[in-house]
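Got your viewer open? Here's a short tour, one selection at a time.

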Amino acid sequence: NMDQPISISMKRSHNPRPKQHRHWTRLDTTESTQLDADAFATLFEGARGTLRLVAASECGFDLADDIVQHSAIIALSKLDQFTPGTNFSAWTATIVRGVARNQRRSEQRRRARTFKIFTRVPKPTPRTSTTMPTHTTNPGASPIGPDFDAPFALDQRIRDALGVLNPNQRACLLLRTVLDHSYSEIGAILDIPEATARSHVFRSRTLMLDLLQETNATTERSTP
C-alpha cells in the first residue's frame, strides 16, 4: 500500500541480501499472440506500484499518477508491440519514463519562458520608464523538484537527501527499498545492467547517509 508510512534503511551492509525469487505476473497466452484489454488491465494493475515509483523518480509524486495513467493509454494503443510472456513491467516502465521525461522537458521549457517574461526589461518611452518585476528564481536549477511528502511518512532530512539523487539513482533506491525488487528485476525495469542497479543502490545509500550525518552535525553545532 503506497499510502502507508515506510522507512528507508541507510545502513551500510557488506553482506548482500539473499537473492529473492519474485514471480512476475504472467498469463496463459498459448492461444493468442496479443493481449486483450482485460489481460492488459490485469497486468497493468499488478505493475502499477512499480510504475508509480519510476514516474515519481523522474518528476515527483505530484505528477506520478497522471503520468502512469497517460502511459496506460499509450501502452494499450501499442499492445501489438508487446510480446506476451516477456517482462510486462519493463515494457511499460520504458513508456512511463518516456512520458515522464517529456513532461519534465515541457515543464523546463515553460519555466524558462516564464523566467524570460518576468526578467525582460522594456525600453523606456517618453511616457514611462517602469520595468516589469524581476523573478529571481533560476528555472534551470530544479526542473520539477520531486515531492516525497505525499505518499511517504519520511523525515524531512531524508526527503531532502532523496532530492539530491539523480532519477536513475532515485528509482533504483526506491524500487529496492520500497518494493523490495531484486537487483536483476530493477535492471530489467530500468533497462540497465544488474551490476549498475546494485551500484546505484549502494552509492545512493552511502550518499544519503553522508548527507544525513552532515545535517545532524550541523544541527548539533547550531544548537545552544
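At roughly what angle do the axes of helix H1 (residues 37-59) and helix H5 (residues 167-177) cross? Select both stretches and look: this is a predicted model, and in it the two axes cross at roughly 150 degrees, coming within 8 Å. An angle over 145 degrees counts as roughly antiparallel, so H1 is roughly antiparallel to H5. The crossing of H1 and H5 is also right-handed.

Next, show side chains where the pair touches. On the H1 side, pick Thr50, Leu53, Val54, Ser57 and Glu58; these meet Pro167, Arg170, Ala171, Leu174 and Leu175 in H5. Colour that contact by residue class and you get six nonpolar residues, plus two polar and two charged.

Now for the cysteines. Select Cys59, which is buried with a relative accessible area of 1%. Then jump to Cys172, also buried, at 0% relative accessible area. Hunting for disulfides? With a cut-off of 2.5 Å between cysteine sulfur atoms, the count comes to zero.

Finally, zoom out and switch to cartoon. The protein chain has seven helices and zero strands, so to speak a run of α-α-α-α-α-α-α when read along the sequence. Colour by accessibility next: 37% of the chain's 224 residues count as buried. If you like contact maps, take the contacts between residues at least 6 apart in sequence: 69% of them join residues at least 24 apart.

Conventions
Residues are numbered from 1 along each chain as its sequence is written. This is a predicted model: local features need pLDDT of at least 70, side-chain atom pairs count only at pLDDT 80 or more; totals for chains, interfaces and linings use all residues. Side-chain values use heavy atoms; hydrogens and water are left out. Axes are lines fitted to C-alpha atoms, for helices over the stretch in contact, and angles run from 0 to 180 degrees between N-to-C directions. Helices (H or I, at least four residues) and strands (E, at least two) are DSSP runs, numbered from the N terminus. Angles under 35 degrees count as roughly parallel, over 145 as roughly antiparallel, 65 to 115 as roughly perpendicular and the rest as oblique. A crossing is left-handed if the near helix is turned anticlockwise from the far one by less than a right angle, and right-handed if clockwise. Contact means heavy atoms within 4.5 Å. Ala, Val, Leu, Ile, Met, Phe, Trp, Tyr, Cys and Pro count as nonpolar, Asp, Glu, Lys and Arg as charged, and the others, Gly among them, as polar. Buried means under 20% relative accessible area, exposed over 50%, partly exposed in between (1.4 Å probe, protein chains only).
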